[in-house]
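This report goes through one protein chain and its ligand. Please keep the sequence and the structure at hand while reading.

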Amino acid sequence: MFSTTELADKLYRNKTLGKEELVRLINCDEETGEYLRSLAEKTRIENYGHDIYIRGLIEFSNYCCRDCLYCGIRRSNRLCERYRLSLDDIIECCDEGYRLGFRTFVLQGGEDPYFTDERMGEIISKIKSRYPDCALTLSLGEKSRESYQRFFDLGADRYLLRHETADAEHYKKLHPQEQTLENRMRCLRYLKEIGYQVGCGIMVGSPFQTAENIADDLLFMKSFNPQMIGIGPFIHHNQTPFADKPDGTLELTLRLLSIIRLMLPKVLLPATTALATIHPRGRELGILAGANVVMPNLSPVSVRKKYQLYDNKVCTGEESAQCRTCLEHRINSIGCRIVTDRGDSKNI
Ligand code: SAH
């Protein structure tokens, strides 16, 4: 039987492993973990040098008609103070972002029926005509194929839709009955067929998640071969059914970032806000483990605290310009630099 160090080498060489082998790496000791990290960092540098891409995140609505059990803005959370940004608010965020050097804007929100295809279309067209040199990423959840197509035709470039878990039984434990893995996966397939650069992903340490589940997630990511993968620790929200569930750990999140970098060397892999929330240097550690993207918030400070998917989210009090400066220092402190081009995937 291979040692876990040999498995790490094998993963570096073959860019994949069998399920049982992945489970062993997911559970490996600290020493092999550090070895994995060094291989992942080397791989990141081979593919992207010391360049870190930035994306400006605009959380434009926290109304949501879904009821994901883990999420603080689920429809059943009556205590959540709801807001939505106007077209003008959104454009102001982009203007500020553009001045700060952002060339990708990410529109993320709950699934808010107020934003009909027509209203979304207006927002997309306005952003793309004002900023033809910028990429536009959407993260609006599950829509019809027609809606995805319409947004793509209007100029949207990328779409983030985490699959959350590749196991249908596990999926059922995280979502109400009417939400299915089948539909989630169908949406991902549509997005890819239409021609978006697509991102899938999971929460690390989500309730009921096993190492076998994670291995299946990794194998799904490998076969789906997306341009982007979003992973961050699950963090409980006190007004959800998972209020008492333990949070995902820093160590496992970093380990998975490294494994993903080795499986998909060119993937765009953010060090997420959730990772920054569970450790003061979470973003830096994420990059050192293989991540190459950061997505600071461009939302108006007045609404930031309200887009609370989980408790204690960081960076909700600072202006966008402050976040940008802070991020620059953090990234420079680990020998990397922020680049301000669109940062398209090298895997298209
Ligand atoms: N409504 C859209 C986008 C917003 S949610 C969608 O469903 O895609 C974006 C991501 O935040 C989700 O995919 C989920 O993985 C993550 N998230 C939600 N609640 C979380 C929590 N409590 N802890 C960590 N991540 C969470």
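The report covers the ligand site, one helix, a few buried residues and a loop. The model is a predicted one.

**Ligand site**

The ligand is surrounded by 17 residues, of which Tyr70, Gly109, Arg162, Glu164 and Ile235 come nearest. By residue class, this shell consists of 10 nonpolar, 4 polar and 3 charged residues. Polar atoms of the protein approach the ligand at Tyr70, through a backbone N or O atom, at Arg162, through a polar side-chain atom, and at Arg184, through a side-chain N or O atom. The distances are listed in the table.

| Residue | Atom of the residue | Atom of the ligand | Distance |
|---|---|---|---|
| Tyr70 | backbone N or O | nitrogen | 3.0 Å |
| Arg162 | polar side-chain atom | oxygen | 2.9 Å |
| Arg184 | side-chain N or O | oxygen | 3.4 Å |

On its own the ligand has 550 Å² of accessible area, and the protein covers 91% of that area.

**Helix α8**

Arg184 is also one of the buried residues of helix α8. This helix runs over residues 181–194, 14 residues in total, and spans 20 Å from its first C-alpha to its last, close to the 20 Å expected at 1.5 Å a residue. Besides Arg184, the buried residues of α8 are Leu181, Met185, Cys187, Leu188, Leu191 and Ile194. An α-helix has 3.6 residues a turn, so residues three or four places apart point the same way. What do the buried residues of α8 pack against? Their partners are the helices α6 (145–153), α7 (168–174) and α9 (211–224), together with the strands β5 (158–160) and β6 (197–204). After α8 comes Gly195, which has a positive phi near 115°.

**Buried residues elsewhere**

His170 is part of helix α7. Is His170 buried or exposed? Its relative accessible area is 2%, under the 20% limit, so His170 counts as buried. The side chain of His170 makes a polar contact of 3.5 Å with the side chain of Ser206. A polar atom of the His170 side chain also lies 3.5 Å from the backbone nitrogen of Gln209. Leaving out residues up to four places away in sequence, His170 touches Thr165, Ser206, Pro207, Phe208, Gln209 and Asn213.

Thr272 sits in the loop between α10 (250–263) and α11 (273–278). Thr272 is counted as buried because its relative accessibility is 11%, and buried means under 20%. With residues up to four places away in sequence left out, Thr272 touches Arg162, Ile231, Gly232, Pro233 and Arg283. Arg162 is also among the residues that come nearest to the ligand.

Leu256 belongs to helix α10 and is buried, with a relative accessible area of 1%. Its contacts, again without residues up to four places away in sequence, are Ile26, Val204, Ile214, Leu218 and Ile231. Leu87 is 169 residues from Leu256 in sequence and 37 Å from Leu256 in space, C-alpha to C-alpha.

**The loop between α13 and α14**

Asn312 lies in the loop between α13 (301–304) and α14 (320–333), and Cys315 is placed in the loop between α13 and α14 as well. Asn312 has a positive phi near 60°, in a residue other than glycine. For Cys315, phi is likewise positive and near 60°. Asn312 is exposed, with a relative accessible area of 62%, whereas Cys315 is partly exposed at 27%.

Notes. Residues are numbered from 1 along each chain as its sequence is written. This is a predicted model: local features need pLDDT of at least 70, side-chain atom pairs count only at pLDDT 80 or more; totals for chains, interfaces and linings use all residues. Side-chain values use heavy atoms; hydrogens and water are left out. A residue is near a molecule or strand if one of its heavy atoms lies within 4 Å of it. A polar contact is a pair of N or O atoms within 3.5 Å; within protein, one must be able to donate a hydrogen and the other to accept it, and residues adjacent in sequence count only if both atoms are side-chain atoms. Accessible areas come from the Shrake-Rupley method with a 1.4 Å probe; for residues, only the protein chains shown count as cover. Ala, Val, Leu, Ile, Met, Phe, Trp, Tyr, Cys and Pro count as nonpolar, Asp, Glu, Lys and Arg as charged, and the others, Gly among them, as polar. Helices (H or I, at least four residues) and strands (E, at least two) are DSSP runs, numbered from the N terminus. The expected span of a helix is 1.5 Å times one less than its number of residues. Buried means under 20% relative accessible area, exposed over 50%, partly exposed in between (1.4 Å probe, protein chains only). Contact means heavy atoms within 4.5 Å.
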